[in-house]
Amino acid sequence: MDKGKAVMGMGRRWAVDFTDNSTSPPSRDIPDPLGFTRASQDQDDSTLSREKKNAEANWKSQKAWEVAQAPFKNLMMMGFMMWMAGSTVHLFSIGITVSALWQPVSALQGVGKVFEPYKDSKVDLLGPKLVFIALNLVGLGLGVWKLNTLGLLPTHASDWVSSLPPAQEVEYSGGGFF
Amino acid sequence: MAIRAFLLCIILFSSSYTSFALYEDQVGLMDWHQQYIGKVKKAVFQTQKAGRKRVVVSTEENAIAALDLRHGEIFWRQILGVNDVIDEIDIALGKYVVTLSSGGSVLRAWNLPDGQMVWESFLLGSKPSRSLLLTPTNFGADKDNVILAYGNGCLHAVSSIDGDILWKKELAENGIDVQHLVHPEEGDTIYALGIGEASQFEAYVINVRNGELLKHSSKGFTGGFSGDLSLPTSDKVVVLDSSKSSLVSISFVGGEIKFQEFQISDLQGYSGEAVLLPSKLAGMVAIKIDRSLLFVKLKDEGTLEVVDTVPHVEAVSDSLSFAEGQTAFGLIQQDGAKIQLTIKSSNDWKSHFLKESIEFDQQRGLVHKVFINNYVRTDRTYGFRALIVMEDHSLLLLQQGAVVWNREDALASIIDVTTSELPVQKDGVSVAKVEHNLFEWLKGHLLKLKATLMLATPDDVAAVQRIRLQSAEKSKMTRDHNGFRKLLIVLTRAGKLFALHTGDGRIVWSRLLNAFHKSGTCESPRGIKLHQWQVPHHHALDENPSVLVVGTCGHNSDASGILSFVDAYKGEELNYLAPVHSITQIIPLPFTDSTEQHLHLIIDSEGYGHLYPRTPEAVDIFQKELGNIYWYSVDINNNLLKGHVVKKNCKEEIADDYCFESSDLWSVIFPSDSEKIIATSTRKFSEVVHTQAKVNADQDVLYKYISKNLLFLATVTPKAMGDIGSVTPDDSWLFVYLVDTITGRVLLRMSHHGCQGPVHAVFSENWVVYHYFNLRAHRYEMSVVEIYDQSRADNKDVLKLVLGKHNLSAPVSSYSRPEIMTKSQSYFFTHSVKAVAVTSTAKGITSKQLLIGTIGDQVLALDKRFLDPRRSLNPTQAEKEEGIMPLTDTLPIMPQAFVTHALKVEGLRSIIAIPAKLESTTLIFAHGVDLFFTRLAPSKTYDSLTDDFNYALLLLTIVALVISIFVTWIWSERKDLQEKWR
């Protein structure tokens with residue numbers, strides 16, 4: 001502040017004060033802009049009717065359910081894509097499977113964020129969240145299943161012995177034609 | 001694990017449509033080919049009236065070659081079969097090279113300018129005899145076309161125009177050994193001279209026109225004869241009598257035999273045996289005693305006179321007649337590295353035309369043969385050149401006191417090959433000299449870029465090709481990252497050791513080993529084997545690697561042995577032991593001592609094992625393993641396979657810390673009336689196997705039975721030992737065995753009815769591939785046997801495997817007698833085979849290819865996938881994905897699969913695969929009369945960029961991208977700013 005003033009004093013024509021005054025009471029001499037009444041904002045809760053509030057909560061929970069069910073559509077599409085990709089290992093099927101695994105994982109990581117807009121004391125988000133998680137887990141399962149059908153999961157004995165070096169031999173023998 | 005599976009899949013896919021073929025411009029990039037002819041036996045010069053002066057030679061490798069006299073290059077070369085030994089060679093009509101081969105039964109004429117065969121005649125006779133060839137030059141004009149060939153006891157007159165046999169005359173009825181065919185200066189008669197069984201001289205006078213026997217006279221000599229007849233003039237022969245103290249001159253003009261005997265007092269003073277040299281000297285004979293030569297002149301009246309005694313004579317040439325009545329012969333005296341060539345006149349002993357002293361490289365041994373030829377100098381005097389054949393089989397041309405050219409023809413007869421790594425590149429070693437500077441590098445790559453973008457002119461293309469072929473990178477004398485540069489150490493039949501650089505095939509060093517010099521105790525030294533002796537790689541890096549050369553002094557098994565240790569970098573013979581105990585087996589042991597010397601156990605003919613190196617440390621290491629060291633012997637003569645265990649130190653006559661006794665453990669006796677051993681094969685000592693499991697398409701695991709102690713053995717019924725076609729299919733059986741050489745347990749016995757040898761087999765990992773002849777199908781067949789360990793098959797619990805609770809990597813003993821399962825399949829194969837080998841890589845991950853040396857002296861690379869017993873007529877989708885081919889009755893031969901592309905490795909004997917450091921790549925060395933080296937990637941080079949990868953293009957792209965990033969960034973900044981100001 002002081003610095004700003006000092007600069008002004010040195011002959012600057014204008015300066016911008018970035019100090020946010022919106023939250024502090026209008027104790028200073030700067031008047032509120034035209035049409036802005038600090039009082040109306042403060043009195044919001046009291047002025048809104050109860051019905052309006054309920055409607056919003058309903059709307060929020062409805063939206064939350066919609067969001068929770070969104071992975072289902074995704075799941076269907078993923079299933080279709082997987083079916084299209086076939087069961088042989090190539091670039092397309094690998095890409096599909098990786099995305100099928102990645103999408104649920106990233107979605108699960110951001111569960112909180114997805115439902116943040118619908119956070120409300122009156123809205124119970126547990127149900128939608130559980131559905132969302134369950135659906136994503138199903139998606140993940142689908143991805144893993146796909147991985148397995150591609151033969152990329154180490155579920156067979158062959159996956160664990162494929163690079164096992166030959167056993168050493170105790171005896172040693174050499175020779176040939178006498 | 002999944003990643004590995006995925007990578008494997010990628011490898012499989014990329015290799016599923018491999019083409020091994022080279023593009024035309026890739027020839028010579030990583031392969032080299034060298035042509036040799038072998039040790040020269042006979043030489044005929046062709047210098048008169050010829051534009052290109054040449055010498056035609058026949059060699060011990062059964063090659064006929066025309067060499068350029070100026071540079072020693074091969075104009076043309078023809079190589080006959082192994083059994084078609086060339087006996088005589090001559091030039092007829094001035095345009096044909098005539099050869100008599102196969103003991104005098106095949107006469108061939110070759111076109112002198114280009115080596116094409118003009119005609120071939122088979123001369124049949126009753127019994128083997130020596131073979132003689134006479135191409136008379138001075139018959140009348142109408143008879144100028146008769147060649148007289150004697151072989152198999154019959155004299156044949158053959159037309160030199162078309163090879164027609166004009167007449168035939170049997171001469172050797174009574175066991176007469178005909179030694180000379182003589183055509184006197186004039187007349188239509190020829191003489192055939194020989195010695196009969198009862199030491200009588202025999203002379204036949206025969207009419208050349210019709211073969212009519214004009215006269216046959218025979219006369220006994222009381223003193224008897226020893227050795228061969230020598231023919232100094234066309235009317236008299238000279239021979240030593242049986243006491244070797246006197247010479248007998250025999251005159252046979254007109255069939256009248258007259259003997260004249262001369263005591264030679266000079267012969268008495270020497271201790272050695274007198275030998276009459278076969279050289280044809282005009283009017284003279286030479287007798288060799290103790291490295292000295294006695295020249296004896298034959299006078300017109302038949303009397304003999306000793307002219308001179310010359311010491312240290314190594315070789316004498318035949319006499320050469322050049323101007324009217326002038327004859328001369330060459331004489332080589334040798335004293336250490338100094339060679340003295342003397343050309344003497346036959347007419348006048350006192351004078352000599354030439355006396356030159358030449359000093360050269362000592363690594364050539366003694367002179368074995370000399371051939372001389374004359375030329376007319378610019379001042380119209382006569383000059384002489386001499387072609388000499390050295391002890392190390394090399395061929396040199398001497399002219400005007402200098403070696404004009406030399407050929408290292410010992411390389412035509414390689415016995416064994418091993419490799420050595422090159423020295424590590426150190427700081428301070430000037431590499432800059434060989435490497436291009438950056439500008440040239442960039443220039444080369446820009447040219448390449450131009451070629452890639454189709455902008456290059458033909459000159460540019462040629463420049464690019466030149467840069468690629470002469471890449472200094474490949475012939476550097478230091479180790480490279482990929483392990484492509486190595487030294488090939490080869491042991492030749494001459495006892496000379498060569499080191500060849502794998503980059504360009506040049507000879508880095510060569511050495512005639514001292515251990516292989518002839519001496520009183522060692523009559524006929526010959527090399528047998530070459531082993532890596534010291535391979536420093538861990539803590540002895542400052543030492544040079546060395547190789548062990550093993551040889552014997554004779555051909556029987558109890559001849560004393562020779563061991564020589566040679567530095568692989570310098571070629572110096574570090575040490576040699578000769579003569580030592582006899583050598584029948586050399587067993588490299590899988591142990592090394594602290595200086596990285598490999599332990600070797602050498603078995604002598606008594607069955608004692610001798611440990612090398614002879615140090616207490618080696619004995620300590622060996623003592624620890626005693627009881628686990630076994631050896632086996634295959635006795636072909638007695639049809640016996642025997643196993644022995646090395647027990648304890650020798651007690652009896654040889655009390656020696658390094659001598660070990662062994663006791664017999666088991667023996668497999670094959671009934672000699674029904675089976676004869678014809679071939680064996682084992683896994684290569686140095687082979688590396690990546691894994692013990694084989695995974696099928698349906699995720700099933702098969703455990704390979706991988707044992708170094710397995711022996712593949714093939715026997716046939718005794719009747720089927722002969723050539724193909726000599727036995728009916730019903731009488732012919734081929735049996736194959738797999739025997740464990742520790743316990744003697746026969747793991748597998750299979751029979752092929754109606755099949756016979758020769759069997760060529762190759763054993764690798766857990767499979768054997770063998771090649772034989774099927775008499776019923778009239779075709780060659782190849783079979784594959786894969787061996788799996790059934791006792792490990794139930795290791796299928798994933799949890800146990802994950803936790804490592806399995807015994808799959810525990811050491812195994814052959815005494816545990818694991819259950820095995822074999823799978824096999826057979827296929828027809830079009831070619832007959834000279835040698836079979838298999839590629840080997842550093843870690844054994846890369847899929848394998850069989851290297852088949854075909855009868856046409858080419859090397860064919862055949863994927864092991866074609867020899868897979870799991871092939872079926874209709875493979876399932878999963879099997880197809882795994883790379884299993886649909887079953888066909890014949891193995892496919894793709895013309896592109898010949899690794900020798902358009903070249904031939906004449907007289908192919910063996911193919912050797914050496915792993916490079918780069919896993920995908922294996923180095924192939926094929927040798928016979930020719931040498932061929934190349935680099936092979938059985939599954940393509942999946943782990944490196946190809947040589948012709950354009951780094952300039954990559955660099956350019958990266959630079960362009962970086963620049964464009966900067967440009968667009970600045971651009972967007974500016975636009976943002978403008979946006980804000982708006």
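These legends walk through several close-up views of a predicted model.

**View 1. Where chain B meets chain A.**
Let's start where the two chains touch: 49 residues of chain B are in contact with 30 residues of chain A. On the chain B side, α1 (2-15), β43 (585-592), β46 (629-635), β50 (693-695) and α5 (798-803) each chip in at least two residues. The top contributor is β46(B), which gives seven. What kinds of residues make up the side of chain B that touches chain A? Sorted by class, there are 28 nonpolar, 15 polar and six charged residues.

**View 2. A strand pair that crosses between the chains.**
Now zoom in on β46(B) and its partner from chain A, strand β1 (residues 172-177). These two strands pair in the parallel sense, over six bridges. To find your way around, look for A:Gly175, which sits opposite B:Tyr632 of β46(B).

**View 3. Strand β36(B), a covered strand.**
Are the residues of strand β36 (residues 486-492) of chain B buried or exposed? Seven of its seven residues are buried, so "mostly covered" is a fair label, given that a residue counts as buried if 20 or more other C-beta atoms lie within 10 Å of its own. Follow the side chains: B:Lys486, B:Leu488, B:Val490 and B:Thr492 point one way, while B:Leu487, B:Ile489 and B:Leu491 point the other way. Both sets are buried.

**View 4. The neighbours of β36(B).**
Strand β35 (residues 414-421) of chain B pairs with β36(B) in the antiparallel sense, over seven bridges. Within that pair, B:Thr419 has B:Leu488 as its bridge partner. Strand β37 (residues 496-501) of chain B also runs antiparallel to β36(B), joined by five bridges. Here you can spot B:Leu487 opposite B:His501. The hairpin of β36(B) and β37(B) has three residues between the strands, and B:Gly495 takes a positive phi near 80° there.

**View 5. Inside the largest nonpolar core.**
This core has 229 residues, and those with the most contacts inside it are B:Ala192, B:Ile388, B:Ala761, B:Val769, B:Leu851 and B:Ile924. Pick B:Ile388 for a closer look: which residues does B:Ile388 contact, leaving aside neighbours within four places in sequence? They are B:Ile332, B:Val367, B:Lys369, B:Val370, B:Leu396 and B:Leu398.

**View 6. A stretch of chain B flagged in UniProt.**
An unreviewed UniProt entry lists residues 949-972 of chain B as "transmembrane region". In the model, that stretch is 92% helix and 0% strand. Its end C-alpha atoms are 35 Å apart.

How values were computed. Residues are numbered from 1 along each chain as its sequence is written. Chains are lettered from A and ligands numbered from 1 in the order in which they are written. This is a predicted model: local features need pLDDT of at least 70, side-chain atom pairs count only at pLDDT 80 or more; totals for chains, interfaces and linings use all residues. Two residues are in contact if their C-beta atoms, placed from the backbone, lie within 7 Å. Helices (H or I, at least four residues) and strands (E, at least two) are DSSP runs, numbered from the N terminus. Ala, Val, Leu, Ile, Met, Phe, Trp, Tyr, Cys and Pro count as nonpolar, Asp, Glu, Lys and Arg as charged, and the others, Gly among them, as polar. Two strands pair if DSSP finds at least two bridges between them. UniProt positions are given in the numbering used here, feature names are shortened, and annotations may be inferred rather than shown by experiment. A nonpolar core is a set of buried Ala, Val, Leu, Ile, Met, Phe, Trp, Tyr and Cys residues joined through C-beta atoms within 7 Å. A residue is buried if 20 or more other C-beta atoms lie within 10 Å of its own, exposed if 12 or fewer, and partly exposed in between; C-beta atoms are placed from the backbone.
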